[in-house]
Amino acid sequence: MKLTKLKLSNYKNYTEADIQFNGDVNVIAGDNGSGKTNLLDAIYNLSFCKSNFQHQDSLLVNHNRDFFRLEGMFVESDLTLKVAIAFDSKKKKLIQAGDKKLTKLSDHIGTIPLVFIGPRDIQLIFEGSADRRKFLDSGISQLNRKYLQQLVHYNKILIQRNAYLKTTQLHTYDNGILDSYNSQLIGPAEFLHSARDRFIESFKLTFQESYETLSGGNEKASCAYKSQLAEREIKTLLEDSVQKDVVLQRTTTGIHKDDLLFLLDDRPLKRFGSEGQLKTYLLALKLSMWKELNRHSSNTPLLLLDDIFAKLDNHRVKNLLYFVREECSAQVFISDTHLTRVSDILNELNMDHKVFSIKNNAVNEER
Ligand SMILES: Nc1ncnc2c1ncn2[C@@H]1O[C@H](COP(=O)(O)OP(=O)(O)OP(=O)(O)O)[C@@H](O)[C@H]1O
Ligand SMILES: [Mg+2]
């Protein structure tokens, strides 16, 4: 997909903006706090029907207004799709794709596949397993509608099971109630586990190749899927952990405990990776996700690079843009605090692009 036009009304720091993008590369330049990430987040929102940063839609509305609206015109070959998202603090959120009003998020996810790379990706390495599962889920959900539905269902039952566990004590729990929750978790857990397993099988090879290209092949990077379900069936896991779950008042086994292992030369990246290696690892993870989405999706995913050139020397910026040119046929959006730095390198690499600068909450195309 390519985003040709974007219209923002009252989205974060913007009151009105109307932008026509380049089909290949778009550079968004501006000072700290000018609204670069917010602009990329608006694009993310049109793909995922939510912000990459805020869960509460009301916080996305410009401070002085009471609604926001986003409108994007997307094209792929001879298909054109207008997507609009409107939020009003008094009314419900409206999502429209073409002439269809969407009621469920899962009806839209994957229509405009997208990968966002930004400074907060470092959390993937240093935060808990929830961030890594989110990375995995966000990728697979874009390829498989049923995956997101099953995930939502699994989490709903899990919340109910945990709520019940909070009301029990070791000698007072009802095995029948827990059995009923267990049997409702089995189907979704098996589906999600096998989808994750299959996805990682293909992803890990793409990842190894990408890391090798980005790093120059000096180290061996790998990632692996870790799940309790690889060893034992979910039914047995849940049944065997009942006593422990009752004591701890939460469900201690299941696919909500899955994780990804990140290794560099067979050692944990988190403990031994240098700054440069961490950065390369994250870029390889995200760019591999782009490649996997591109391989398995009928629409070309968008690639958003938010502020990833900070602290990189020009040589590395050039390497990365070269990689994007050679390996990703995506429409790319790049934010940077420097107006000409990325653009100079794009010119050197003969990459067609537009530059936009942001000042006083307005987006202007540079000529
Ligand atoms: N709901 C809102 N209404 C008005 N302004 C908002 C809202 N939410 C965020 N902002 C403003 O948006 C600005 C931050 O924008 P953003 O994060 O896009 O900046 P940036 O250009 O990416 O900066 P940096 O280079 O530091 O990453 C802040 O000044 C913040 O106050
Ligand atoms: Mg930013």
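**Exercise 1. Determine how helix α3 and helix α9 are oriented relative to each other, and which residues meet between them.**

In this predicted model, in which local features need pLDDT of at least 70, side-chain atom pairs count only at pLDDT 80 or more, and totals for chains, interfaces and linings use all residues, begin with the two elements: α3 covers residues 129-143 and α9 covers residues 275-296, helices being DSSP runs of H or I with at least four residues and strands runs of E with at least two, numbered from the N terminus. Residues are numbered from 1 along each chain as its sequence is written, and chains are lettered from A and ligands numbered from 1 in the order in which they are written.

Next, take the geometry: the axes lie 10 Å apart at an angle of about 15 degrees, where axes are lines fitted to C-alpha atoms, for helices over the stretch in contact, and angles run from 0 to 180 degrees between N-to-C directions. Angles under 35 degrees count as roughly parallel, over 145 as roughly antiparallel, 65 to 115 as roughly perpendicular and the rest as oblique. The two helices α3 and α9 are therefore roughly parallel.

Finally, list the contacts (C-beta atoms, placed from the backbone, within 7 Å): Gly 139, Gln 142 and Leu 143 in α3 meet Met 289, Glu 292, Leu 293 and His 296 in α9.

**Exercise 2. Work out how α4 is directed relative to α5.**

The axes of α4 (residues 145-166) and α5 come within 9 Å, crossing at roughly 150 degrees. This angle makes α4 roughly antiparallel to α5. Among the residues that α4 brings to the contact are Tyr 147, Leu 151 and Tyr 164, while those of α5 include Ile 177, Pro 188 and Ala 195.

**Exercise 3. Identify the strands that pair with β1, and the residues opposite Lys 7.**

Strands pair if DSSP finds at least two bridges between them. Strand β1 (residues 2-9) is joined to β4 (residues 67-76) by seven bridges, and the two run antiparallel; here Lys 7 faces Glu 71 as its opposite residue. Five bridges join β1 to β2 (residues 16-20), again in an antiparallel arrangement, and in β2 the residue opposite Lys 7 is Asp 18. Six residues separate β1 from β2 in a hairpin, and Asn 10 in the turn has a positive phi of about 55 degrees.

**Exercise 4. List the residues that Ala 284 touches.**

Leaving aside residues up to four places away in sequence, Ala 284 touches Phe 207, Ser 210, Tyr 211, Leu 214 and Ala 221.

How values were computed. Two residues are in contact if their C-beta atoms, placed from the backbone, lie within 7 Å.
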